[in-house]
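Here are my notes on the model, for your reading alongside the coordinates. Please take the points in order.

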Amino acid sequence: MSDISKTRQVPLERIRNIGIIAHIDAGKTTTTERILFYTGRNYKIGEVHAGAATMDWMAQEQERGITIVSAATTCFWEPYFETALPKARYRFNIIDTPGHVDFTAEVERSLRVLDGGITVLDASEGVQSQSETVWRQADKYNVPRICFVNKMDKLGADFNATVEDIRVKFGVTPAVMVLPMGAENFFDGVIDLISRKAYFWEDHEAATEPEIKDIPEEYKEKAEVERLKLVEAIAETDDVLMEKFFAEEEIAINDLKAALRKAVIDYKLVPIFAGSSLKNTGIQPLLDAVVEYLPSPTDIDHIEGHIKGKEEVVQRRLVPEEKFCGLAFKIQTDPHVGKLTYFRVYSGSIKAGSYVYNSSKDVKERVGRLLLMHANDREDVTEAFAGEIIAVVGLRDTKTGDTLSDESEPIILEGITFADPVISLAIEPKTKSDQEKMGMALAKLSEEDPTFNIKVDHETGQTIIGGMGELHLEIIVDRMKREFKVEADVGKPQVAYRETITKLAEGEGKYIKQSGGRGQYGHVFLKIEPKDRGTGYEFVNAITGGSVPREYIEPVNKGVKESVDRGFLAGYPMVDIKVTLYDGSYHDVDSSELSFKMAGSLGMREAVALAGMVLIEPIMKVEVSTPEEFMGDIIGDLGSRRAQIQGTNTRGTVVIITALAPLSEMQGYVTNLRGMTQGRASSVMLPSHYEEVPKNITEKIVEDRKGIKRR
């Protein structure tokens, strides 16, 4: 039995479920590696650039130096400096998440089950576009955060500008906890503003422990000014401290820390720390901050859910004495043990070999084994308790977002919402033996990843896979080859266009068939109208007086939905449309579910012809960081790609250009940008919204689609 198994049962108030979130290349995985080293989980530091990071265990991650899947681990930390909380061992359950937008599902699902987060920022880049995206994702699940301004030793590092970015772009009140001493090559360490102590780290790998000294003379005045601002920010969240502050009384350090802890958990303040993970600088104060300011399960107290089919809200307290409930947030196929289901135990406990109830699917599941994960290493445990993040072997029907609970008191927790794929490509097996294996591989990969989907184009017979970007699909195809030994030919990436309508219209659908014996009769009147972007499909039953019997309403919806999924203009699914069934007629003998399904489909065909159909396309938010000399060329190139320039911003020697551009025009952009700027510019693309395709381009797309179908 390992140290983790022996000591994993710490009191609930000493557990921290945290995630490391950030923009790509801000240093998340490097920071996580330092945390694992300092907490004693790893005996040596794994480096991302050397392909040796513990949490980047997939071959593709090690080769590319990026994080693709979120990885979970457990470690322990005893506060390094003086703290207001008991000096004891604290258990950290950590999830390291990807920064690349193509793997946004990994961030979304991790944030759903975490109690707190560390947002890592690059001191020279500030708040970048993907940082904003992950911040908003964390907002959605009310996750309290602390910020770590990393890479203070990097050229162009600017702590104050980054703090201002946090204030403006995140829209939060920063609580600046440290004052960096120097920057770039002259970064020596940080001053802890609350304790008025300076922490120095020597600039070499062996020196990982800080030297604690008094504040150097040249920083004393600045440190006092910054400390006063910090104390005021904390005091503003607490009436008692506010009175003391105005009376100019000295506030005790423990009182400041207690008030700050409450303010962070209530999401009123965001503490800001600084350092350089690569140079082992600033990690101990960050780990102490996780203990002092991020919530334990007892601070969250309870979680809310509902009972299937009922509106009433039910609660579970996050303690082992409650009835069991947990949320499955990730599925992973493991070559050694099969399907792993990661889940967070919110209340109660669960034993290996027992049965649990999947209240989302209404089925009983057998728990085979319970595993404590450390990246891709695993350790068997016999029981898991409230507050733990664990992996289960043996669950057959459980999917991402499902709730597992005690059958005697079922509960359904809030699930996880994922973005729709924006890009797709055709994939074909190379040989007959690959055909069967490909179907199985794709099914397993889509079970793991909710933003990856598979469909068959019935007109061409091709298998089409969809995902969040070119890199996402490239990794999927690579995983098929390596993990499932499937060789496949891949087509060019295709943009996920959608169809919609621009005006209200009505249509009549009549399906009458007489062919000896019993006939078919279905007759409906439909009204269709456009909805706001991103609101999807809605079907409304407005039948009064029984002109269409109740049992035929759902078949009409089915017929409408099937035709909406097929599209009418260029064969793309229709979105953002409200369909109202308001009248119709039926026949006592000849009417059937099939006839009303067909009538619904025919009614849609007639209505959409009058509704001003248009194609809409995914628009991406593009952020380009470039030396100033290339700015003109880049803006010109973006203009030729139908991009709208939103603005430019100078940060040190770098210009950041933001623009909105159609995804269809941005394929291969990264390679093009490298060539244009001698490899000195970088770019990030994030899905923004859907917009109408210009008429001339719509005509060409429709013509091309017809050509494919004719072939």
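The points below cover confidence, aromatic pairs, charges over rings and one arginine.

1. **Overall confidence.** This is a predicted model. The mean pLDDT of the chain is 88. Of the residues, 92% score at least 70.

2. **Extremes of confidence.** Which element has the lowest mean pLDDT, and which the highest? Helix H1 (residues 3–7) is at the bottom, with a mean of 45. Strand E11 (residues 270–274) is at the top, with 98. The pLDDT stays below 50 over residues 1–7. That stretch still has 13 contacts in the model beyond near neighbours in sequence.

3. **Aromatic pairs.** Searching the whole structure gives 11 aromatic pairs. One of them joins Tyr80 and Phe81. Their ring centres are 4.8 Å apart and their planes meet at 70°, so this pair is edge-to-face. The cut-off for that class is over 60 degrees. Burial splits the two residues: Phe81 is buried, at 10% relative accessibility, whereas Tyr80 is partly exposed at 31%.

4. **A tilted pair.** Phe525 and Tyr582 have ring centres 6.1 Å apart. Their planes are at 40°, so the pair counts as tilted. The pair links distant parts of the chain, with the two positions 57 residues apart in numbering. Phe525 belongs to strand E32 (residues 520–530), and Tyr582 to strand E34 (residues 577–585). Phe525 is partly exposed, with a relative accessible area of 24%. Tyr582 is also partly exposed, at 30%.

5. **Aromatic cluster.** Tyr80 and Phe81 come up again here. Together with Tyr199 and Trp201 they form one aromatic cluster.

6. **Charges over rings.** Two cases deserve a look. Arg89 lies over the face of Phe76, 4.6 Å from the ring centre. Lys561 places its charged end over the ring of Tyr537, at 5.5 Å from the centre.

7. **Arg227.** Is this arginine buried or exposed? Arg227 has a relative accessible area of 6%, so it is buried; the cut-off is under 20%. It sits in helix H7 (residues 217–235). What does its side chain reach? It reaches the backbone oxygen of Ile194, at 3.0 Å.

8. **Surroundings of Arg227.** Set aside the neighbours within four places in sequence. Arg227 is then in contact with Leu193, Ile194 and Arg196. Its other contacts are Glu250, Ile253 and Leu256. Ile194 thus appears both in this contact list and as the residue whose backbone oxygen the Arg227 side chain reaches.

How values were computed:
Residues are numbered from 1 along each chain as its sequence is written. This is a predicted model: local features need pLDDT of at least 70, side-chain atom pairs count only at pLDDT 80 or more; totals for chains, interfaces and linings use all residues. Side-chain values use heavy atoms; hydrogens and water are left out. Rings of Phe, Tyr and Trp (its six-membered ring) pair if their centres lie within 6.5 Å; planes under 30 degrees apart count as stacked, over 60 as edge-to-face and the rest as tilted. Buried means under 20% relative accessible area, exposed over 50%, partly exposed in between (1.4 Å probe, protein chains only). Helices (H or I, at least four residues) and strands (E, at least two) are DSSP runs, numbered from the N terminus. A charge sits over a ring if NZ of Lys or CZ of Arg is within 6 Å of the ring centre and within 35 degrees of the ring normal. pLDDT is the predictor's confidence in each residue, from 0 to 100. Contact means heavy atoms within 4.5 Å. A polar contact is a pair of N or O atoms within 3.5 Å; within protein, one must be able to donate a hydrogen and the other to accept it, and residues adjacent in sequence count only if both atoms are side-chain atoms.
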